[in-house]
Amino acid sequence: MLYYPTYFECYPRKLMTLTFIIQNDEVLLGMKNRGMGKGKWNGFGGKKEPNESIFDAAKREVKEECGLDAISMKKIGFIDFEYVGSNEILEGHIYLCDKFKGHIVESDEMAPIKWFKINQFPLDNMWVDHKLWFPMVLKQIPFKAHFKYLDDDTIVDSTIKLLRIFKKTKEIWVNVIVKKDNKILISNNLEESKIFKRHQYVKKGESLENAALSYLKSNYEITTEEVPKIAVINVELTDNYSIPSIIQEIHMFVMDVSKLKKFTQSNDYRWTNINNAQFFADKKFLSTLCKMKPFKAYFLMDNDDVLCSKYYNN
């Protein structure tokens, strides 16, 4: 289960809007020339005025910053921005606009303004959080998020939740990692990035332990009486935003072969240092797993990219 932080609910809030204008396979962005976000590419938005609705504020900001009249706008997300040492929350309302009229007009605040191909999005020159939630905007998946910043370029904590209206169901899987000291065993015929994806579905009525032992024998040719379970990982994929939505619950087992009296390594496998192995999860995952101390974790994934990762003590 992913817990959304609530400790800041009593903080004063400043309501903001941010709208992304999309046409075919392009996104319209402007370079901010003053104020918050100066020198960064971004969508169009700003502060809500008194006695103004969030929706009206979003339309007004689009008109003021790029000259276009937004005709069709859809709210995609809510983002709470927090800075270390500040007790104020910036509450951002994220919109997607795919119908508009008028002509682009640059201003002292936003210039230049240009269209970018979606696959050439200038993420390296935008707020660092954009790469974590913009996939949901493109796929029109409602979400809410919280980002805690140390400064304008450093995120110290983040949480992203998909706002589904359908009940989530779980699929139960097992995965086994074989380790020795600071190395793991991988197949010569398998890309390192795909190791974690080699899950084995747990059949109805089958115990997790038996499924793990079966996995160990079929994949590594290792026969043993037990293998310790270290972690339970919940993986949510943006591509599975469907009916019903699915959470993969993966039970991770780790076999430390340095503790086996007899172990013969197959020529089809090789040892790789855990610091060099490239997994689909974040860099913290493998080192945490190989410490052999039980934990739980959550990953929100878009293709092979980790958008949100959370670790919890078991």
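Trainee: Which residues are buried in α2?

Mentor: In this predicted model, the buried residues of α2 are His130, Leu132, Trp133, Phe134, Pro135, Met136 and Val137.

Trainee: Why is helix α2 called largely enclosed by the rest of the structure?

Mentor: A residue is buried when its relative accessible area is under 20%. Helix α2 covers residues 130–138, and 7 of its 9 residues are buried, so the helix is largely enclosed. Just after α2, Gln140 has a positive phi of about 55 degrees.

Trainee: What makes Leu150 partly exposed?

Mentor: The term covers values between the buried limit of under 20% and the exposed limit of over 50%. Leu150 has 49% relative accessibility, and therefore counts as partly exposed. Leu150 is located in strand β7, residues 143–151.

Trainee: Which residues make a nonpolar surface patch with Leu150?

Mentor: Val84 and Val156 join Leu150 in a patch of about 260 Å². Membership requires over 30% relative accessible area, and the 49% of Leu150 satisfies that condition.

Trainee: How do you know that Arg13 and Glu91 form a salt bridge?

Mentor: The rule asks for a side-chain nitrogen of Lys or Arg within 4 Å of a carboxyl oxygen of Asp or Glu. For Arg13 and Glu91 the closest N and O atoms are 3.0 Å apart, and the pair is counted as a salt bridge. Arg13 belongs to strand β1 and Glu91 to strand β5, so this contact ties together parts that are 78 residues apart in sequence. By the rule, the count comes to 15 salt bridges.

Trainee: Are Arg13 and Glu91 buried or partly exposed?

Mentor: Glu91 has a relative accessible area of 17%, so it is buried. Arg13, at 33%, is partly exposed.

Trainee: What makes Glu52, Arg60, Glu61 and Glu64 one network?

Mentor: They are joined by salt bridges that share partners. Arg60 meets Glu52 at 2.7 Å, N to O. Arg60 also forms a salt bridge with Glu61, where the closest N and O atoms are 3.3 Å apart. Glu52 has a relative accessible area of 16% and is therefore buried; Glu61, at 8%, is likewise buried.

Trainee: Why is strand β13 described as mostly covered?

Mentor: Strand β13 spans residues 245–256, and 11 of its 12 residues are buried.

Trainee: How do you know that β13 pairs with β9 and with β12?

Mentor: Pairing requires at least two bridges between the strands. Strand β9, residues 168–180, runs parallel to β13 with 12 bridges. Strand β12, residues 229–237, runs antiparallel to β13 with 7 bridges. Both pairs therefore meet the requirement.

Trainee: Which residues stand opposite Ile233 and Asn175 in β13?

Mentor: Ile233 stands opposite Ile250, and the bridge partner of Asn175 is Met252.

Trainee: What lines the largest pocket, and which residues lie nearest its centre?

Mentor: The lining consists of 30 residues, with Met16, Lys32, Met36, Gly45 and Gly46 nearest the centre. The elements that give two or more residues to this lining are β1 (13–23), α1 (54–66), β4 (69–83), β5 (89–101) and α2. The space in the largest pocket is about 650 Å³.

How values were computed: Residues numbered from 1 in each chain as written. Predicted model: local features only at pLDDT ≥ 70, side-chain atom pairs only at ≥ 80, totals over all residues. Heavy atoms only, no water. Patch = residues over 30% accessible without salt bridge, like charges linked within 9 Å, V, L, I, M, F, W, Y side chains within 5 Å. Areas by Shrake-Rupley, 256 points an atom, 1.4 Å probe, with all protein chains shown as cover. Helix = DSSP H or I, 4+ residues; strand = E, 2+ residues; numbered from the N terminus. Buried < 20%, exposed > 50% of the residue type's maximum accessible area, 1.4 Å probe, protein only. 1 Å grid on protein atoms, 1.4 Å probe; cavity = no way out; pocket = protein on both sides within 12 Å on 5 of 7 lines; lining within 4 Å. Points joined across faces, edges and corners; volume = space filled by probe spheres on them.
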